[in-house]
Amino acid sequence: MKKSQADEKILSYNDVVLRQSDLDILSGPYYLNDRIIEFYFSYLSSSHPSQDIFLVPPSIAFWIMKCPVIESLKDFIEPLHLCDKKMVIFPINDNEDVNLAEGGSHWSLLAYYRQANVFVHHDSFRSVNTQPAKQLYTSVVGYMGFSGSASKASFVECPDSPKQVNGHDCGLYVLAIARVICDWLLNCINSNTNDLWFSDVKEKVTPSAVARLRIEILALIRDLMARQAEQHALE
């Protein structure tokens, strides 16, 4: 495909602009990029309308993790009002080069749950993202509560986090786990809070479910494209 075709804008959804190349990624067995992660996080925020949940866009999570100036980090984080959220979900990428957009080769997920005052890391491939996850945890932990009340929040690796069966579905595991956590939080009155969301993730995030999710997201984008085209035709 020519570069101009790959760069063609196909959908504007909330603050996310998707391009033809994003559809191509979803159509094949390819590693998800930042835009697709951000799109689905935005969709989850819309489909789980709750002021208690904040799904952090990849660019913001990466900036928090790599910000070299503490004063700048404080000015950046405070307007996000993380201390008001019961659940904050961060996508973690192993990109080490702050000058390289869309870099890295692996995604994982870090979730902060206020009631348990814990950060939980879900990694679908042998915990290879533990170091960048701990880097983000260290950067953000002091901003999660009032007067530093969350500064002692713990960091744990989810022991039974589902594992990918190939080399390209890590981003889909992040999206699948994020969806389960959002569902769990909105229904946690009937859940075993001692177990957190771990059993739900183990039950629902399977290789077959993850494979279906790729198809579901592709169908979702195409449906939104059709709706957007209809709206433009009526204008």
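## Buried or exposed

Buried means under 20% relative accessible area, exposed means over 50%, and partly exposed lies in between. Asp22 has 0% relative accessibility, so Asp22 counts as buried. The model described here is predicted.

## A salt bridge between two helices

The structure holds 6 salt bridges. In one of them, the side chains of Arg35 and Asp22 meet at 2.8 Å, N to O. The pair links distant parts of the chain. Arg35 sits in helix α3, residues 34–47. Asp22 sits in helix α2, 13 residues away in sequence. Arg35 has a relative accessible area of 22%, so it is partly exposed.

Asp22 has company in helix α2. This helix spans residues 20–27 and is mostly covered, with 6 of its 8 residues buried. The buried ones are Gln20, Ser21, Asp22, Leu23, Ile25 and Leu26.

## Two more salt bridges

Asp169 forms a salt bridge with Arg214, and their closest N and O atoms are 3.0 Å apart. This pair also links distant parts of the chain. Asp169 is in the loop between β7 and α7. Arg214 is in helix α9, residues 207–234. The two are 45 residues apart. Both Asp169 and Arg214 are buried.

Helix α9 also contains Asp223 and Arg227. Their side chains meet in a salt bridge at 3.0 Å, N to O. They are 4 residues apart in the helix, so about one helical turn separates them. Asp223 counts as partly exposed because its relative accessibility is 33%. Arg227 is partly exposed too, because its relative accessible area is 48%.

## The sheet

What is the order of the strands in the open sheet? The 5 strands run β3-β4-β5-β6-β7, and the pairing is mixed. The edge strands are β3 (53–55) and β7 (154–157), each of which pairs on one side only. From one strand to the next, the twist averages 20°.

The pairings can be followed across the sheet. β3 and β4 pair in the parallel sense over 3 bridges. Here Leu55 has Ile89 in β4 as its bridge partner. β4 and β5 are antiparallel, joined over 7 bridges. Phe90 is matched with Leu110 in β5. Strand β5 (residues 107–113) and strand β6 (residues 118–122) are also antiparallel, over 5 bridges. Tyr113 stands opposite Val118 in β6.

## A covered strand

How many residues of β4 are buried? The count is 7 of 7. In a regular strand, side chains alternate between the two faces of the sheet. Both faces of β4 are covered. Met87, Ile89, Pro91 and Asn93 are buried on one side. Val88, Phe90 and Ile92 are buried on the other.

Helix α7 lies across β3, β4 (87–93), β5 and β6. The helix runs at about 20° to β5.

## The nonpolar cores

In soluble globular proteins, nonpolar side chains tend to be buried together. The largest nonpolar core in this model has 52 residues. Those with the most contacts inside it are Phe39, Met87, Ile89, Trp197, Ile217 and Ile221. Helix α7 (residues 170–186) gives the largest share of this core, 13 residues. A second, separate core has 26 residues, including Phe62, Cys67, Phe119 and Ala133.

Which residues does Phe39 touch, leaving aside its neighbours within four places in sequence? Phe39 is in contact with Leu11, Tyr13, Val16 and Leu18, and also with Ile217, Leu220, Ile221 and Leu224.

## Phe76 in helix α5

Phe76 lies in helix α5, residues 70–77. Is Phe76 buried or partly exposed? Its relative accessible area is 29%, so Phe76 is partly exposed. Leaving aside neighbours within four places in sequence, Phe76 is in contact with Ile60, Trp63 and Ile64. Phe76 and Glu102 are 26 residues apart in sequence. In space, their C-alpha atoms are 21 Å apart.

Notes
Residues are numbered from 1 along each chain as its sequence is written. This is a predicted model: local features need pLDDT of at least 70, side-chain atom pairs count only at pLDDT 80 or more; totals for chains, interfaces and linings use all residues. Side-chain values use heavy atoms; hydrogens and water are left out. A nonpolar core is a set of buried Ala, Val, Leu, Ile, Met, Phe, Trp, Tyr and Cys residues joined through side-chain atoms within 4.5 Å. Buried means under 20% relative accessible area, exposed over 50%, partly exposed in between (1.4 Å probe, protein chains only). Contact means heavy atoms within 4.5 Å. Two strands pair if DSSP finds at least two bridges between them. Axes are lines fitted to C-alpha atoms, for helices over the stretch in contact, and angles run from 0 to 180 degrees between N-to-C directions. A salt bridge is a side-chain nitrogen of Lys or Arg within 4 Å of a carboxyl oxygen of Asp or Glu.
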